[in-house]
Amino acid sequence: MNYKKIPLNERIIVALDVDSDEKARDVVKRCESHVGYFKVGLQLFMANWFNSVDWILDRGHKVMLDLKFFDIPETVKLAVEQVNNRGVSLATIHGNDPIIRAALQAKGDMQLLAVTVLTSFGEEDMRAMGMTQTVEELVFYRAQRALELGCDGVVSSGLEAGRLRRDLGEKLLIVTPGIRPGANVTDGGDDQKRIVTAERAIGDGADHVVVGRPITQAADPVAVIEQMQMEIEKTIAE
Ligand code: C5P
């Protein structure tokens, strides 16, 4: 595997799923000795708009803005215009063709990631919607289209990262949430369904892993980060 040259402190993107700027700053301060990449999602953005984003950027860290835009193409384009050129490194949109095309027109200096299928969405949810494909097939199809249309990368679970990397090549940026610590994890014990370890996700070809609760709710977040980074480093060196 040819791993991209990404600093170890940017491999894990810590998801700041908290309800206030104060709590977000607290998590950043606790993690920043080891991590320089943070994800601002819907909860924190709704609470605090761009204030947390700007504060994190001012501290010299990178930001993934995970608002998963999904609307008519023109509205998505206008929303992406509100985000571009403010220092955000990665932004997320839903992965269907018209949305991707519109967002690409307005991405400025950001990299755009198409969400393939949410990691909380499993095979039984596909069946319940009357879909006959497997999750893997749907993820692969959406990722392939995103790449063909010129998207920088995709958000995909660790279960599909290997196939995406193998069949779609090295250029595609793969960002993987649904990470849980511990060998042979199959159940996160929460809403996430398609989960893997950080080590497996990176080993299979993900460029970054997004980790929220296993770090933010840990008694010792740095210990969890150190353990994951050690495993990631070992995988990359092998
Ligand atoms: O706490 P946990 O590690 O499950 O957090 C995962 C984060 O990644 C959440 O912020 C969630 O919104 C985000 N995410 C995800 N699945 C996707 C895209 C984003 O879990 N497909």
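Which residue in S6 stands opposite Ala 114? Val 154 in S6 does; the setting of this pair is described below.

1. Basis. This is a predicted model, in which local features need pLDDT of at least 70, side-chain atom pairs count only at pLDDT 80 or more, and totals for chains, interfaces and linings use all residues. Residues are numbered from 1 along each chain as its sequence is written, and side-chain values use heavy atoms, with hydrogens and water left out.

2. Barrel. Eight strands (DSSP E runs of at least two residues, numbered from the N terminus) close into a barrel in the order S1-S2-S3-S4-S5-S6-S7-S8, with parallel pairing (at least two DSSP bridges between two strands). From one strand to the next, the twist averages 25 degrees (axes are lines fitted to C-alpha atoms, for helices over the stretch in contact; angles run from 0 to 180 degrees between N-to-C directions).

3. Strand S5. Four of the five residues of S5 (residues 111–115) are buried (under 20% relative accessible area, 1.4 Å probe, protein chains only), so the strand is largely enclosed by the rest of the structure.

4. Neighbours of S5. Strand S4 (residues 90–94) pairs with S5 in the parallel sense over five bridges, and Ile 93 stands opposite Ala 114. S5 is also joined by three bridges to S6 (residues 153–155), again in parallel.

5. Strands S2 and S3. S2 (residues 37–41) and S3 (residues 62–69) run parallel and are joined by five bridges. Leu 65 in S3 is the bridge partner of Val 40.

Methods
Buried < 20%, exposed > 50% of the residue type's maximum accessible area, 1.4 Å probe, protein only.
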